[in-house]
Amino acid sequence: MNINATLIGQTVAFFIFVWFCMKFVWPPLMSAIEERQKRIADGLADADRAAKDLELAQVKASDQLKEAKATANEIIESANKRKAQIIDEAKAEADAERSKIIAQGQAEIEAERNRVKEDLRKQLATLAIIGAEKILERSIDEAAQSDIVDKLVAEI
């Protein structure tokens, strides 16, 4: 019975050990394992949320970039339109200024032409009087000469 008693003693010790482990060791181990599983599950859920948040942020950033490009294109288009408008206004101003300068030049030319014509008429009248004096071989006084020149200028 020695072997049987030893075997029974070992079996009882084994059951006591199993009971002790089940009562005092197993619950904290299971609690630690469950807590670890929960932390892992929470970490995976957080990682999934972070991945979704990242994807949403990338989509939002892409949308904002598209909006910024569209806004930039609108600004550039507006600037180009304004540039064309400014160029057209400058051309119109330049044309108006050119026309004004040409008109002034023509008026000055006309005035100078009239002045030259008047001078030529006076000179022609003076020459005619000198010629007439020589023909008549007599001298005409200055007042009479001036009167004759004025009449000739008016007639010419």
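**A nonpolar patch on a long helix**

About 1300 Å² of nonpolar surface forms a patch in this structure, made by Phe14, Phe15, Phe17, Val18, Trp19, Phe20, Met22, Phe24, Val25, Trp26, Leu29 and Ile33. The structure is a predicted model, and every value given here should be read with that in mind. Ile33, one of the residues that make the patch, has its place in helix H1, and with a relative accessibility of 42% Ile33 counts as partly exposed, because that category covers the range between the 20% limit for buried residues and the 50% limit for exposed ones.

The patch also brings in the question of aromatic contacts. How many aromatic pairs does a search of the whole structure find? The search finds three. In the pair of Phe20 and Phe24, the ring centres are 5.2 Å apart and the planes meet at 45°, so this pair is classed as tilted; the reason is that stacked pairs need planes under 30 degrees apart and edge-to-face pairs need planes over 60. Phe20 and Phe24 are four residues apart in helix H1, which spans residues 2-136, and this spacing separates them by about one helical turn. Phe20 is partly exposed, at 40% relative accessibility, and Phe24 is also in the partly exposed category, with a relative accessible area of 46%. Ring pairs further link Trp19 with Phe20 and Phe24, so that these residues are described as a cluster, because pairing requires ring centres within 6.5 Å.

The UniProt record, in an unreviewed entry, lists residues 6-26 under "transmembrane region". In the model, the chain over residues 6-26 is 100% helix and 0% strand, and the C-alpha atoms at the ends of this span are 27 Å apart. A further feature in UniProt, again from an unreviewed entry, is "coiled-coil region", which the record places at residues 51-82. That span, too, is 100% helix and 0% strand in the model, and its end C-alpha atoms lie 46 Å apart.

Charged side chains form the next part of the picture. How many salt bridges are found in a search of the whole structure? There are ten. Arg49 and Asp46 meet through their side chains in a salt bridge, with an N to O distance of 1.9 Å. These two residues are three residues apart in helix H1, and Arg49 and Asp46 are therefore separated by about one helical turn. Both partners fall in the partly exposed category, Arg49 with a relative accessibility of 48% and Asp46 with 39%.

A salt bridge also joins the side chains of Glu89 and Arg82, where the N to O distance is 4.0 Å. Arg82 is partly exposed, with a relative accessible area of 40%, and Glu89 is partly exposed as well, with 39%. In the salt bridge between Arg98 and Asp95, the closest N and O atoms are 3.4 Å apart, and these residues, both in helix H1, are three residues apart, or about one turn of the helix. Are these partners buried, exposed or in between? Arg98 counts as partly exposed, at 48% relative accessibility, and Asp95 is partly exposed, with a relative accessible area of 39%. Elsewhere, Glu112, Arg115 and Asp119 are joined into one network by salt bridges that share partners.

The whole chain can now be considered. Its secondary structure comes to two helices and zero strands. For 156 residues, a compact globule would have a radius of gyration near 15 Å, whereas this chain has 60 Å. The box filled by the C-alpha atoms, taken along the principal axes, is roughly 190 × 20 × 20 Å. One pair of positions illustrates these dimensions: Thr71 and Asp150 are 79 residues apart along the chain, and their C-alpha atoms are separated by 78 Å. Thr71 has its place in helix H1 and is partly exposed, at 39% relative accessibility.

Burial and surface complete the description. Of the 156 residues in the chain, 4% are buried. The accessible surface of the chain comes to about 13500 Å², and 62% of this surface belongs to carbon and sulfur atoms.

Note on methods: Residues numbered from 1 in each chain as written. Predicted model: local features only at pLDDT ≥ 70, side-chain atom pairs only at ≥ 80, totals over all residues. Heavy atoms only, no water. UniProt positions renumbered as here; feature names shortened; annotations may be inferred. Phe/Tyr/Trp six-rings, centres within 6.5 Å; stacked < 30°, edge-to-face > 60°. Buried < 20%, exposed > 50% of the residue type's maximum accessible area, 1.4 Å probe, protein only. Patch = residues over 30% accessible without salt bridge, like charges linked within 9 Å, V, L, I, M, F, W, Y side chains within 5 Å. Areas by Shrake-Rupley, 256 points an atom, 1.4 Å probe, with all protein chains shown as cover. Rg over C-alpha atoms; globule rule 2.2 N^0.38 Å.
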